[in-house]
Number of protein chains: 4
Amino acid sequence: MQLGLVGLGKMGFNMRERVRRAGHEVIGYDRNPEVSDSESLADMVSKLEAPRVVWVMVPAGDITRDTVKELSGLLSPGDLVVDGGNSKFTDDRVHADLLAEKEIGYLDCGVSGGVWGLENGYALMVGGDAAHVEQAMPIFDALRPDGPREEGFAHAGKVGAGHYSKMVHNGIEYGLMQAYAEGFELLDKTDVVDNVPAVISAWQRGTVVRSWLLDLLVRALESDPELDDLRGYVEDSGEGRWTVEEGINNAVPLPVISAALFARFQSRQEDSPAMRAVAALRNQFGGHSVHLAGPSSGAGSTQG
Amino acid sequence: MQLGLVGLGKMGFNMRERVRRAGHEVIGYDRNPEVSDSESLADMVSKLEAPRVVWVMVPAGDITRDTVKELSGLLSPGDLVVDGGNSKFTDDRVHADLLAEKEIGYLDCGVSGGVWGLENGYALMVGGDAAHVEQAMPIFDALRPDGPREEGFAHAGKVGAGHYSKMVHNGIEYGLMQAYAEGFELLDKTDVVDNVPAVISAWQRGTVVRSWLLDLLVRALESDPELDDLRGYVEDSGEGRWTVEEGINNAVPLPVISAALFARFQSRQEDSPAMRAVAALRNQFGGHSVHLAGPSSGAGSTQG
Amino acid sequence: MQLGLVGLGKMGFNMRERVRRAGHEVIGYDRNPEVSDSESLADMVSKLEAPRVVWVMVPAGDITRDTVKELSGLLSPGDLVVDGGNSKFTDDRVHADLLAEKEIGYLDCGVSGGVWGLENGYALMVGGDAAHVEQAMPIFDALRPDGPREEGFAHAGKVGAGHYSKMVHNGIEYGLMQAYAEGFELLDKTDVVDNVPAVISAWQRGTVVRSWLLDLLVRALESDPELDDLRGYVEDSGEGRWTVEEGINNAVPLPVISAALFARFQSRQEDSPAMRAVAALRNQFGGHSVHLAGPSSGAGSTQG
Amino acid sequence: MQLGLVGLGKMGFNMRERVRRAGHEVIGYDRNPEVSDSESLADMVSKLEAPRVVWVMVPAGDITRDTVKELSGLLSPGDLVVDGGNSKFTDDRVHADLLAEKEIGYLDCGVSGGVWGLENGYALMVGGDAAHVEQAMPIFDALRPDGPREEGFAHAGKVGAGHYSKMVHNGIEYGLMQAYAEGFELLDKTDVVDNVPAVISAWQRGTVVRSWLLDLLVRALESDPELDDLRGYVEDSGEGRWTVEEGINNAVPLPVISAALFARFQSRQEDSPAMRAVAALRNQFGGHSVHLAGPSSGAGSTQG
């Protein structure tokens, strides 16, 4: 079948390739003419036969919203838009309603796979009507990993359920990564264990903790055995925050996922105002030594 | 080669079978005569030719200590004892020194694999001298999973390093399980996602969170889609506690692993004394409603 | 001066009394005619001379919004509305803009003091223009505790700053209460300390942890030494949630405040879905014993 | 009465003064002859009439142990040793048994008060036999704060209970400080609140969060309104660690106290190995940008 694909960046570029390998025709559109198959959204739409399926793979927020809006003016009743970006699940209802006015369908699709997706396939979590899911199924089958469909694809529920599932997936991911990271740091710090990369490598088969993330950690340690080529500075891309917010909204305790999120916030701080407050308090009540800010701060000086 | 194997419980029984399948001769000893190959430790030792390798697979603590002690009186210089149980790494130095007096070697070996080990093999993390590791290598090769040796076996360092590595492995395991569990609870609680088992199943291929634990969660959900056949009551077996203690001893922050441990403690409390204190405080300062203990406690009653 | 006071519940009733004791005239309005000084909002307004100050002390959210809206139709340019309820700080800009269209001023005021405020005074954190703060200062002085003004009153910043400050105050309060509560539980659990109430009482003077909350804990223990007259079931009223959300929005790590919030969520769960997932996983990989749900669940049964 | 006081450092020096002000005779001993009243422990003992009370106020661990040992050889049956240092509660049984062999009594006494104790008095938590408590009561009364005895003194239980109580006190203290610190950071970070020191000052009277620690925070902000004269680097002195260990030993969840402890560990790390592992993982699966270590690390560079 035909697919219109908007956004040919790190993700979209590879996804176009994977869909084409499965034998489908993809008309891509990107602002960057070097990768684009069409000159404009309108041009892309004109090259597709109705009923069309257009996959949107652009940054979440304003850009996705503007793209959906523009598509609502270009597409015809019976067409279908799939948002595969990292949109917040609360955006999906807005997009769906906007398109429904023109009798255009909408699906939200959480996509996991990163730079490995071209070869391994992309896991897909979809929200929306069953008829729309059916309409796009050949594309889903092209993108998802080989193997049983239900091991890499789910129709999670109504509009929003796809991005919600992906959000939770990423929240879990934060917790998993932090768990491995804490274990790594303890092994790194103790002098009981001599060969940390060998130990972590040995966890790849037969253990309870074996996973794809563990395999990636082994890969990272192969080229950088103490992981000291990079700094412990970690961004976060939104889904972890939304997961904790949703935990709060639903009174679900998320001690591990929130701790992993906060560890990222901390990793980006040169100096912690909170810990300055603790240091100030200790100095007030106990005359404990504090580390003064400024050029000689490394030395530490004892006060009162 | 020959192996003496002490302890033929849930783990040892299957390990004997796996070593035998690899073509080695195993003389097992267990208090339970129905599974034992020998009448006593002494009988087991007498059936092995020197230099002997004896694998101890009994509960950590007193029983392991007593077994090692008894073996120190039965074995000969050049023999080797491997403790494959869940001993605390600080016990290993004691065992090694005790055996060294008799010129008997000692290795500590962390074993991961559980009830799946017979088929999948057991991941092994070993501490001790390289010569001793060499001596027992045929047994390690029999027990470890198929595939490259370094993906299921590591010589982690000196005596204690094997159990230390296993301890950290289990600490990580706590964090991983809690991360999946929190995500499950959020999916379970929200009404945005309709088909939670399908979503979790779809994470098995292509995603960042795919792992053996995830596969097991899918299995569990197959037979009990809301996981309501069992209670949220979770024991802990020691290694998680030791991991957090070691974090504290080494000033390594372990927010995720400790949160996972504390969640288990909480799961076993009928009622939390800490939360009674919080309720009492709120009642004192704000006249907030409290839930009284006693027969009508479910109802909740408002006080002044 | 005159004050219009809307809402004469647990808080407003006592605040009216405290303002009157300071010599001001208060015209209160409440839906409950038994406590109200006027028959309607309009009646209340008609009894006040311009420029009027009207203090709103009703539940946050819809009721506050409706009250502010109604007041915007009743008051005159130059009048001033003070929202002293527990509104979210994001509501304040909306209220201020709505009133500004009619040239009516607006202040948001976080109020702390609970049932003790009548005697001790209420701490006040105010957001809005300096001129409006000046206009209401006699009322603030009547409400705030005795002593230096700056120890119980602050002009925190522009509109919203008062409720923001109160929100953070309550977030801190969650953390403080949980810290005392955890210490209480540890003392309660250990058999090293025999007389827990005596120990906590001894912290009231000279210690680093002395505080008003500690005094309240001592009071609670006097009438219920093991705090077992009530259950460990704790509600939360919103500000703790907003504090954590704001931490997330501002990338500020809040491990303690969030842990205190999550402990409250946990306290209200009969059974934790997350911990059922952990129990299910342990059962899958290790044949660990689980506690089955149902009538015999208390007994615990071993599987696998 | 007479008191022998060993250790005249930051704490002991002021305690001698406070006991003398109460009319007692104190013979102090310190290695530093400038502050010592006697030439040696033996000299100090010789200047006291039996039955003697000797208060030990030296660093916990080896020095306290050695001092107790030496005193056991110098004192007579019926004499009494009080350890007022920050000893771990598990040391107390050892000290008590050692002294009991010579029929010398032993009390452990947790002391809180810091540099403010001379004027405010020291809160005291004591473990040991009631008869010994009675013997030293005049000294306890001299040291404790003015006011009712039970508000600054407790006989907590048998030997060890005093130091246990002080340990928990300090664990709580960690949590309280971190709660205030998190609130401070959020106020500091947001642009909604303009005058952070004024807000915190306003919490001193009438609020739920008023406390001595809050007063100290106000003091610190008076001289350094953004707390940027010092660094967010915070030591820990042991009791927080022991508290979390005891939580683990007793299966008591301590999410807040442990989070406060871990925040201190983090504050002392230049770079976090755990967060390097998270950064490495993100780089592996997503080609996320990482911050490279080295001279240009501040810039941040995007990879793959």
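What turn and what shift along the axis lay chain C on chain A, and with what RMSD? That was my opening query on this predicted model. I got a turn of 180° and a shift of 0.0 Å along the axis, with an RMSD of 0.0 Å. So I wrote down a two-fold axis for the pair, since that is the relation these values describe. Then I looked for the C-alpha of chain C nearest the axis, and it belongs to Glu245(C), 3.2 Å away from it.

**Entry: the C/A contact**

I checked next whether the two copies use matching surfaces. They do: 100% of the contact residues of chain C recur in chain A, so I noted that the same surface serves both copies. My residue list for this contact has 20 residues from chain C and 20 residues from chain A.

I pulled the area too. The size of an interface is often given as the accessible area lost when the parts come together. Here chain C and chain A bury about 1,600 Å² between them, and 74% of that is on carbon and sulfur atoms. Which residues of chain C lose the most area to chain A? I found Ile248(C), Pro253(C) and Phe262(C), which together make up 38% of what that side buries. I also ran the salt-bridge rule across the interface of chain C and chain A, and it came back with zero.

**Entry: aromatic pairs**

I moved on to the rings. A pair of aromatic rings is described by the distance of the centres and the angle of the planes. My count came to 20 aromatic pairs over all chains. I picked Trp55(C) and Phe140(C) to look at: their ring centres are 5.9 Å apart and their planes stand at 70°, over the 60 degrees cut-off, so I logged the pair as edge-to-face.

Where do the two partners sit? I placed Trp55(C) in strand β3 (residues 53-56) of chain C and Phe140(C) in helix α6 (residues 130-143) of chain C, so the pair ties together parts that are 85 residues apart in sequence. Buried or exposed, I wondered about Trp55(C). Trp55(C) has 1% relative accessibility, so it counts as buried. Phe140(C) is at 0% and therefore counts as buried as well.

I repeated the look-up in chain D. The rings of Trp55(D) and Phe140(D) have centres 5.9 Å apart and planes at 70°, so this pair is edge-to-face too. Trp55(D) and Phe140(D) are both buried. In chain A I noted a cluster, with ring pairs linking Trp55(A), Phe140(A) and Phe153(A).

**Entry: charges over rings**

I found the charged end of Arg264(C) over the ring of Tyr174(C), 3.7 Å from its centre. In chain D, I have Arg264(D) over the face of Tyr174(D), 3.7 Å from the ring centre.

**Entry: Gln284(C)**

I located Gln284(C) in helix α12 (residues 273-286) of chain C. Its relative accessibility is 15%, under the 20% limit, so I put Gln284(C) down as buried. Leaving out residues up to four places away in sequence, I see Gln284(C) touching Val115(B), Trp116(B), Leu216(B), Arg219(B) and Ala220(B).

**Entry: chain A overall**

I finished with some totals. Chain A has 12 helices and seven strands, and its C-alpha trace spans about 80 × 45 × 40 Å along the principal axes. Of the 304 residues in chain A, 66% are buried. I also took the contacts in chain A between residues at least 6 apart in sequence, and 62% of them join residues at least 24 apart.

Note on methods. Residues numbered from 1 in each chain as written. Chains lettered and ligands numbered in written order. Predicted model: local features only at pLDDT ≥ 70, side-chain atom pairs only at ≥ 80, totals over all residues. Heavy atoms only, no water. Phe/Tyr/Trp six-rings, centres within 6.5 Å; stacked < 30°, edge-to-face > 60°. Helix = DSSP H or I, 4+ residues; strand = E, 2+ residues; numbered from the N terminus. Buried < 20%, exposed > 50% of the residue type's maximum accessible area, 1.4 Å probe, protein only. Lys NZ or Arg CZ within 6 Å of the ring centre and 35° of its normal. Least-squares fit on C-alpha atoms with pLDDT ≥ 70 in both. Contact = heavy atoms within 4.5 Å. Buried area = accessible area lost by both parts, 1.4 Å probe. Salt bridge = Lys/Arg side-chain N within 4 Å of Asp/Glu carboxyl O.
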